[in-house]
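The following exercises concern a single protein chain. Please examine the sequence and the model before working through them.

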Amino acid sequence: MSSQVFPCWQSSSVYDICSHVLHKNCSPQVDDLVFAVDAGLYAEAAGIAARLRKAGRRVDLVLEGKKMKWALKQAERCNAARVVLVGSDEWSRGTVMVKDMAAREQAEVPLDQLK
């Protein structure tokens, strides 16, 4: 199964496309990597990614059955500032888990406060 990483940029430049592939499917200068922990939350994760992009953040969206450890490694490879984890328990409470990659800290954040 091929990786489904949806970058925040759109480009028709061959250089940009090749650069994207060479950097392990990471967009340059990623602010957030949004990862759906449960396959049933792909649409919700896509909605969160769209909302963050609308707010001006550069977001990579990962929609595939990978483990959380993989998502965190992917965030490191992309130099993402944060990982937004969309899990079923948090979602039922109206929150997501946000991990600050530099501080190595995470917190549960209400959806209406996610920026």
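Five exercises follow, each with a worked solution; the model is a predicted one.

**Exercise 1. Establish which secondary-structure elements the chain contains and in what order they run.**

Solution.
Step 1. Count the elements: the chain holds four helices and six strands.
Step 2. Read them from the N terminus, which gives β-α-β-α-β-α-β-α-β-β.
Step 3. Add the overall burial and surface. The chain has 115 residues, of which 37% count as buried. About 6700 Å² is exposed, and carbon and sulfur atoms supply 53% of that area.
Step 4. Consider the range of the contacts. Of the contacts between residues at least 6 apart in sequence, 58% join residues at least 24 apart.

**Exercise 2. Determine which parts of the chain the salt bridge between R58 and D31 ties together, and how accessible each partner is.**

Solution.
Step 1. Note the total for the whole structure, which is six salt bridges.
Step 2. Identify the pair: the side chains of R58 and D31 form a salt bridge with an N to O distance of 2.7 Å.
Step 3. Place the partners. R58 belongs to the loop between α2 (42–54) and β3 (59–62), while D31 belongs to the loop between α1 (14–22) and β2 (32–36), so the salt bridge ties together parts 27 residues apart in sequence.
Step 4. Assess accessibility. D31 is buried, at 14% relative accessible area, since the limit for burial is under 20%. R58, at 34%, is partly exposed.

**Exercise 3. Describe the salt bridge of E76 with R104 and the backbone of R104, then set out the pair E64 and K66.**

Solution.
Step 1. The closest N and O atoms of E76 and R104 are 3.1 Å apart.
Step 2. This pair links distant parts of the chain: E76 is in helix α3 (residues 68–78) and R104 in the loop between β5 (95–100) and β6 (105–110), 28 residues apart.
Step 3. E76 is partly exposed, with a relative accessible area of 33%, and R104 is likewise partly exposed, with 48%.
Step 4. Elsewhere, salt bridges with shared partners join D32, R57 and R82 into one network.
Step 5. Turn to the backbone of R104. Its phi is positive, about 60°, although R104 is not a glycine.
Step 6. Take E64 and K66, whose side chains meet in a salt bridge at 4.0 Å, N to O. E64 is buried, with a relative accessible area of 6%, whereas K66 is partly exposed, at 34%.

**Exercise 4. Explain on which side or sides of α3 its buried residues lie, and characterise the residue N79.**

Solution.
Step 1. List the buried residues of α3: A71, Q74, A75 and C78.
Step 2. Examine their directions. These residues cover an arc of only 100° around the axis, which puts them on the same side of α3.
Step 3. Recall the geometry of the helix. An α-helix has 3.6 residues a turn, so residues three or four places apart point the same way.
Step 4. Move on to N79, which comes just after α3 and lies in the loop between α3 and β4. N79 has a positive phi, near 60°, and is a residue other than glycine.
Step 5. N79 is exposed, with a relative accessible area of 64%.

**Exercise 5. Identify which elements supply the largest nonpolar core, and describe the surroundings of L114 and T95.**

Solution.
Step 1. The largest nonpolar core has 17 residues, and V34, I48, V84, V96 and L114 touch the most other members.
Step 2. At least two residues each come from β2, α2, β3, β4 (82–86) and β5. The greatest contribution is that of α2, with four residues.
Step 3. Beyond its neighbours within four places in sequence, L114 contacts I48, R51, L52, R82, V84, V96, V98 and V109.
Step 4. A second, separate core comprises 12 residues, including V62, C78, L85 and M97.
Step 5. Finally, consider T95 in strand β5. T95 is buried, with a relative accessible area of 10%.
Step 6. The side chains of T95 and E108 are joined by a polar contact of 2.7 Å. With neighbours within four places in sequence left aside, T95 is in contact with E90, E108, V109, P110 and L111.

How values were computed
Residues are numbered from 1 along each chain as its sequence is written. This is a predicted model: local features need pLDDT of at least 70, side-chain atom pairs count only at pLDDT 80 or more; totals for chains, interfaces and linings use all residues. Side-chain values use heavy atoms; hydrogens and water are left out. Buried means under 20% relative accessible area, exposed over 50%, partly exposed in between (1.4 Å probe, protein chains only). Contact means heavy atoms within 4.5 Å. Accessible areas come from the Shrake-Rupley method with a 1.4 Å probe; for residues, only the protein chains shown count as cover. The arc is that of the directions from the helix axis to the C-beta atoms. A polar contact is a pair of N or O atoms within 3.5 Å; within protein, one must be able to donate a hydrogen and the other to accept it, and residues adjacent in sequence count only if both atoms are side-chain atoms. A nonpolar core is a set of buried Ala, Val, Leu, Ile, Met, Phe, Trp, Tyr and Cys residues joined through side-chain atoms within 4.5 Å.
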